[in-house]
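Trainee: Please take one part of this model and look at it closely with me. I would like to start at a pocket and then work outwards into its surroundings.

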Amino acid sequence: MKKKDFTRRKFIATVSAGTVGAVAFPTIIKNKGVTGKLAVLGGEPVRSKRFLRWPQDGLVDRERILAELQDTLWNGGRWVRNLRTDSPPYSSKVDQFEREFAKLIGVKRCVATNSGTSALHVAVEALGIGAGDEVITSPYSDYGTIQSIMCARALPVFADLDPEACGQIDPNDIERRITENTRAIMPVHTHGVACDLASIMAIAKKHNLFLIEDACQAHLAEYQGKKLGSIGDIGCFSFNGSKCIASGEGGMVTGNNEELMVQSWAVMNKGDNETNTVRIGPKYRMHEFEGAVLMGQLPAIHDHFKLRNKNAEYLTSKISEIPGIVPQKHYEGTGKSTYWNYAMAYHKEHFNNTDRSTFFKAVNAEGINLSGWVKSGFHNNKEWIDFMLNLNSYKKTYSAARLKRYREEMYYPNCDKVSFEQSATFEGRGTLLHAKEDMDDIINAILKVYENRDQLRLI
C-alpha cells in the first residue's frame, strides 16, 4: 500500500486503539524528519519556529497606519456633533471610522467608544436598563461582559453553555432563567463564531426582551447572511490590542434604530447629544489616534478575514478526523467567522484519559501553543459575587430572597466542563494568517500526540 493512500480512517480500521502507540505507521507528517517520540519527552518537535503575532510582526500595514496618525496629528480632532444631523466633521478620524464601520457590518449608525466594555455599558444604559433589572448572559467570557451590566446596577444572570459548542450560551437554559425583572439577553459570540441567534431571538421576541449582541470578538462574522452586531437591537465590538481590528483599546456600538443610537451617543458623551444634556453618561469617547490606527487597517481587513476563514476551514476538515478533538460547533445559519480564537473541544477518553493540562504540555512542546482561554466561569469567583451582592445598591434594590436565590443558582456544570476539561484554543487572529504548510504543523502536532498517546503517562 502506498503511503499517500494510507488514510487515518483506514489505519483506525486496521489497528486497534490499544496497539496504536506501539506500531510504526505513516502519518500526515511529511518531510519533517519527526520521530514518534513526543517532544516533551525529548523527541524532535513538529514545529521549531514561532507563529507571527497579531498585530505585531508586520501583519498590519505600518506605513498606512503611520500616515493616518501623522494626518491626525496635524489636522485637528473630533467635532462633537448631533447624530440627528448629517454634518460630518471631515477632519475626524473617529467620525470617519464610525461611518466606514457602519458600512462594513451593514448598520445605519455606529458610536465609537474607548473600549468594548464601555460599548456594552453604553448599550445597557441606552436601552434604559438599570437597578432592579436583570440581564441574562454567559458565565464564560471576559469580565467586560458582566461589568457593563453591573455598572448600570442591573443583575447579571447566567445561563449555562451548550456542551457541544466550545463556550456558546445554551438557549434552552436562557429561557428557564427569565424572571419578571428580566429586560434583556446579552449573548456572546464566543471566539468570533455566531452563537445560536435564531433560537435566542425567538426567546427574546416571545418574552419581549432586548437583544444585546456582545460581538466584541466577532468583527465581520456572519449569521443568516447578516453581519454579527447588526442583528439584535444593538451590537457591541472591541478594538482591544488582541482583536482582529485593533487599536490598543477602543470599542463600537452599532444599530439601526435612530433614537437608540442618539441615546447611545449621549451616554458615551457625558449625557450630551449636542442639542442638550439629556441624561447621565460618562465620557467614553474614542480618541483620534485610535481612530487613525483603525482607519489604517481598513484596506486589509477583508483579505485577512478571507484568509483566516480559508485556513480555519482547512484545519477543521483535518482536525475533525482526529479522535477526541472536536472543532467548535457552527449552528445552522452560521456564515464566515472571525476566528479570534480557533477553538476545539478535547475529550480525554480518546487520549488514555489524560488530563487536559498534560495534553497541552505535549502539544505545546511540539511548537503549537494551546490553552483553555477562560480559566473559570464567573460563577466560581466567590469574591466577586460577595462584593456585588453586599453593595448597598444591590441590597436596597433586590429582595433578600432574590439575592439568596442568586447565590444558590451559581452552579453551571457545562461551563465547568468546558472551562476545566474541554476547551482547547489557539489565537486565530495571527496564526490563521499564515500559509497552508503552517496549518499542517498544527494538524501534525495534535495528530502526533494522539498517535503517541501511550507516552502521555510518562509526562
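Mentor: Happily! Let's begin with the second largest pocket, where helices α4 and α5 (144–150) each supply at least two residues of the lining. Keep in mind as we go that this is a predicted model. Of the contributors to this lining, α4 gives the most, with 3 residues. The whole lining has 23 residues, and those that lie nearest the pocket's centre are Asp142, Tyr143, Gly144, Gln217 and Lys243. The space inside comes to about 370 Å³.

Now follow α4 away from the pocket. This helix covers residues 116–126 and lies across five strands: β1, β4 (182–186), β5, β8 and β9 (251–255). Compare its direction with that of β8, and you get an angle of about 165 degrees.

What do those strands belong to? They are part of an open sheet of 7 strands with mixed pairing, and you can trace the order as β1-β9-β8-β5-β4-β2-β3. At the edges sit β1 (109–113) and β3 (155–158), each of which pairs on one side only. On average, neighbouring strands here are turned by 25 degrees against each other, if you ignore direction.

It helps to know what holds such strands side by side. Strands of a sheet pair through backbone hydrogen bonds, and the pairing can be parallel or antiparallel. For a parallel example, look at β5 (residues 210–214) and β8 (residues 234–238), which are joined by 3 bridges. One place to find this pairing on your screen is Asp214, whose bridge partner in β8 is Cys236.

Helix α13 also packs on the sheet, where this helix touches β2 (134–137) and β3. Its direction makes about 40 degrees with that of β3. Just before this helix comes Ser399, in the loop between α12 (392–397) and α13 (400–408). Ser399 counts as partly exposed because its relative accessibility of 42% falls between the 20% and 50% cut-offs. Its side chain reaches the backbone nitrogen of Arg402 at 3.0 Å. Ser399 also shows how folding brings distant stretches of sequence together: Gly132 is 267 residues away along the chain, yet the two C-alpha atoms are separated by 9.5 Å.

Next, some enclosed space. There is 1 cavity of 30 Å³ or more, and about 60 Å³ of space lies in this largest cavity. Among the residues that line this cavity are Trp54, His219, Cys244, His304, Phe305 and Arg308. To see where part of that lining comes from, find helix α9, which spans residues 288–319. Glu288 is in this helix, and is buried because its relative accessible area of 10% is under 20%. What does the side chain of Glu288 contact? The partner is the side chain of Ser92, in a polar contact of 3.1 Å.

Let's finish with the antiparallel pairings of β11 (341–346). This strand is joined by 3 bridges to β10 (residues 325–327), and the two run antiparallel. There, Pro327 has Met344 as its bridge partner in β11. With β12 (residues 423–427), β11 shares 5 bridges, again antiparallel, and Asn341 stands opposite Glu427.

In a regular strand the side chains alternate between the two faces of the sheet. In β11 both faces are covered: Asn341, Ala343 and Ala345 are buried on one side, as are Tyr342, Met344 and Tyr346 on the other. Once you leave β11, the loop towards α10 (356–365) holds Asn353, which is exposed because its relative accessible area of 53% is over 50%.

For the wider setting, the protein chain has 16 helices and 12 strands. Buried residues make up 56% of its 459 residues.

Definitions and conventions: Residues are numbered from 1 along each chain as its sequence is written. This is a predicted model: local features need pLDDT of at least 70, side-chain atom pairs count only at pLDDT 80 or more; totals for chains, interfaces and linings use all residues. Side-chain values use heavy atoms; hydrogens and water are left out. Helices (H or I, at least four residues) and strands (E, at least two) are DSSP runs, numbered from the N terminus. Buried means under 20% relative accessible area, exposed over 50%, partly exposed in between (1.4 Å probe, protein chains only). A polar contact is a pair of N or O atoms within 3.5 Å; within protein, one must be able to donate a hydrogen and the other to accept it, and residues adjacent in sequence count only if both atoms are side-chain atoms. Two strands pair if DSSP finds at least two bridges between them. Axes are lines fitted to C-alpha atoms, for helices over the stretch in contact, and angles run from 0 to 180 degrees between N-to-C directions. Contact means heavy atoms within 4.5 Å. On a 1 Å grid over the protein atoms alone, a cavity is a set of points where a 1.4 Å probe fits but cannot get out, and a pocket is an open set with protein on both sides within 12 Å along at least five of seven lines; lining residues have an atom within 4 Å of a point. Grid points are joined across faces, edges and corners, and a volume is the space filled by probe spheres set on the points.
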